[in-house]
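Trainee: I should like to go through the terms used for this model and ask what justifies each of them.
Mentor: Please do; we shall set each value against its criterion.

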Amino acid sequence: MQDHSGLKISEAKYVQSGHHKKHEKRRVHKTQRIVSTIALMLCFAFLVFGSVQVVSAHTSAFQIMVEGEAMATLPTEKEAKAAVAYYLQEQTELLGYNVVCDDAVKIEKISSRDAVYSSIKDATAALDGVVNVLAKAVAVCVNGQPVMHVANEAVARDALELVRSEYREDGIMDDDINTLEQISVMASNVLPEQICNVWEAANMLLYGKTEVQRHYIETEGETFEYIANRYSLQVDDIKQANPAVDPTNMAVGEAILLTQFKPLISVQIKRMVVSREETPFETELRDSSDLPRGVSVVIEEGAPGENEVTTEVIERNGVVVAQNRVSSVSVVDPVTKVVERGVRMTVAVNRSAAATVNLGNGTLGWPSNGDISSRYGYRSMGYHSGLDIASPMGSPVVAAEFGTVVFAQYQGSYGNLVKIDHGGGLETWYSHLQAYAVSVGSKVERGDMVGTVGRTGRTTGPHVHFEVRVNGAHCNPLLFLGARSKVAVDTSQAELIQPDEITDEPEEDTLIEEEELAEEFDLSEDEIPLDIEPPVIE
Ligand SMILES: [Zn+2]
């Protein structure tokens with residue numbers, strides 16, 4: 001208010017009501033009054049002289065009425081209006097605003113009989129301090145609703161610019177600062193003291209009117225934190241609004257002032273925030289024939305990478321309302337972890353005892369569920385080169401170890417046969433299959449399905465004839481198989497390859513009589529032939 005000191009004076013008057021007003025006289029600076037008087041005389045000299053002539057010719061006079069009371073009587077309406085106009089000019093100069101009269105001022109025509117005329121100068125003086133003036137201002141509207149008054153549109157614009165400048169900072173383009181509401185102005189006449197200056201207007205837009213509300217303590221032990229939480233306020237604001245209240249000792253029923261700032265407009269800004277983000281590294285597994293199976297060695301430690309992430313952040317009145325990831329650029333590439341996985345199989349064959357294979361971490365897995373129906377070794381019919389496991393038709397047959405399928409087709413007494421090469425001279429064979437689940441070249445892991453139990457080739461019933469071959473020679477599979485493990489494979493999910501129907505009977509020479517074998521080899525339990533063809537396939 002200090003930038004228009006004249007307002008202070010008028011303010012004191014305007015807040016007074018009705019009848020007291022007219023008894024007060026405005027304290028106007030003496031020199032100002034003299035200047036005004038000279039101006040008055042020059043401006044209205046013609047009217048003053050003119051009026052004298054008119055009076056004698058007319059039977060009516062004109063009174064300037066303020067709230068129903070005559071302030072002055074002039075001979076013509078023109079002069080009465082001039083007196084009012086001059087008063088307004090005087091007030092405009094004094095207040096620094098364009099002013100108008102409020103509704104209380106009227107000019108009334110009366111009979112000129114017994115009229116005592118005032119000069120325009122005296123009539124003007126009579127209005128001083130009696131007439132309320134309204135400043136010609138503009139109302140600032142938010143979404144059509146007037147929220148405050150400023151002197152003119154330029155002030156409104158400056159206030160909005162000040163609001164924007166509050167949010168202006170490095171990295172935020174002017175276009176990215178927007179008010180969500182529609183701001184407009186419209187002409188409005190108000191009491192001068194209702195006009196906000198640019199700073200007041202900006203503050204009001206930014207922080208709004210402080211809404212005052214009261215909370216009455218309901219239970220003992222309530223704290224400012226509890227109240228702040230309940231009304232979504234800041235504890236500091238409550239402290240500030242209640243300096244005399246001891247927050248540790250508030251009586252039930254005690255009133256606590258709650259202040260809340262409600263901005264009149266929502267300023268939305270868009271800013272780009274750049275941050276760093278860790279990215280995970282990958283792990284590459286390499287097979288190494290230098291390492292025994294089951295052993296893994298980290299060749300290169302992995303390291304996470306780093307991305308530079310740009311995020312568009314939308315804030316409304318300083319509160320983040322949305323975040324959108326715009327881009328992500330790798331600034332540090334992740335280092336792939338390299339692990340070597342041993343695939344080497346150490347095969348140690350002891351001809352005099354039993355063939356043993358050191359598989360690094362152990363043994364082969366069981367190829368099928370079911371009971372052992374025939375073991376490896378001599379039988380009445382001849383030499384049995386594998387292990388028979390009886391299972392219902394269609395049961396899954398799985399790989400005993402990881403490896404590559406090197407054979408998958410019908411072979412004489414074996415029927416449908418799959419051979420898996422495990423490296424290091426070790427092969428496993430799965431025969432009499434009903435269907436194949438693999439083909440030549442397939443890479444299989446231990447437990448992967450290779451086919452289903454069948455009775456192809458020379459068999460008496462559905463079973464798997466499982467062979468273990470070391471450097472081409474069959475060995476006792478039980479020496480390689482570990483603890484019995486349950487084969488749990490869902491055959492319905494497998495893509496099975498149905499082999500062509502083979503009707504040919506196996507050739508006679510695949511059967512070697514016991515006697516022939518005995519002649520050919522002088523075998524004992526300790527000496528197991530490793531390089532003979534399978535004499536009996538059951
Ligand atoms: Zn067999």
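Trainee: In this predicted model, why are helix 5 and helix 6 called oblique to each other?
Mentor: The axes of helix 5 (residues 153-167) and helix 6 (residues 198-207) cross at roughly 55 degrees and come within 8 Å. Angles under 35 degrees count as roughly parallel, and 65 to 115 as roughly perpendicular. The crossing falls in neither range, and the two helices are therefore oblique. As for the sense of the crossing, helix 5 passes helix 6 in a right-handed one.

Trainee: Which residues of helix 5 and helix 6 meet?
Mentor: From helix 5 they are Val155, Ala156, Asp158, Ala159, Leu162, Val163 and Glu166; from helix 6, Val198, Ala201, Ala202, Leu205 and Leu206. By class, this contact comprises 10 nonpolar residues, no polar ones and two charged ones. Asp and Glu count as charged, and the contact includes Asp158 and Glu166.

Trainee: What makes Lys109 an exposed residue?
Mentor: Lys109 has 11 other C-beta atoms within 10 Å. A residue with 12 or fewer is exposed, so Lys109 qualifies. Lys109 belongs to strand 4 (residues 105-111).

Trainee: Which residues is Lys109 in contact with, leaving aside its neighbours within four places in sequence?
Mentor: Lys109 is in contact with Ser60 and Phe62. In addition, the C-alpha atoms of Lys109 and Gln63 are 6.4 Å apart, although 46 residues separate the two in sequence.

Trainee: Which residues of helix 4 are buried?
Mentor: In helix 4 (residues 120-127), Ile120, Ala123, Thr124, Ala125 and Leu127 are buried. The criterion is 20 or more other C-beta atoms within 10 Å, so each of these residues reaches that count. After helix 4 comes Gly129, with a positive phi near 80 degrees. Over the chain of 538 residues, 27% count as buried.

Trainee: Why do strand 24 and strand 28 stand at the edges of their sheet?
Mentor: The sheet is open, with three strands in the order 24-30-28 and antiparallel pairing. Strand 24 (396-398) and strand 28 (435-436) each have a single partner strand, so one side of each lacks a neighbour in the sheet.

Trainee: How do you know that strand 24 and strand 30 pair?
Mentor: Strand 24 and strand 30 (residues 449-452) are joined by three bridges in the antiparallel sense. Pairing requires at least two bridges, so the criterion is met. Within this pair, Val397 stands opposite Gly451 in strand 30.

Methods
Residues are numbered from 1 along each chain as its sequence is written. This is a predicted model: local features need pLDDT of at least 70, side-chain atom pairs count only at pLDDT 80 or more; totals for chains, interfaces and linings use all residues. Axes are lines fitted to C-alpha atoms, for helices over the stretch in contact, and angles run from 0 to 180 degrees between N-to-C directions. Helices (H or I, at least four residues) and strands (E, at least two) are DSSP runs, numbered from the N terminus. Angles under 35 degrees count as roughly parallel, over 145 as roughly antiparallel, 65 to 115 as roughly perpendicular and the rest as oblique. A crossing is left-handed if the near helix is turned anticlockwise from the far one by less than a right angle, and right-handed if clockwise. Two residues are in contact if their C-beta atoms, placed from the backbone, lie within 7 Å.
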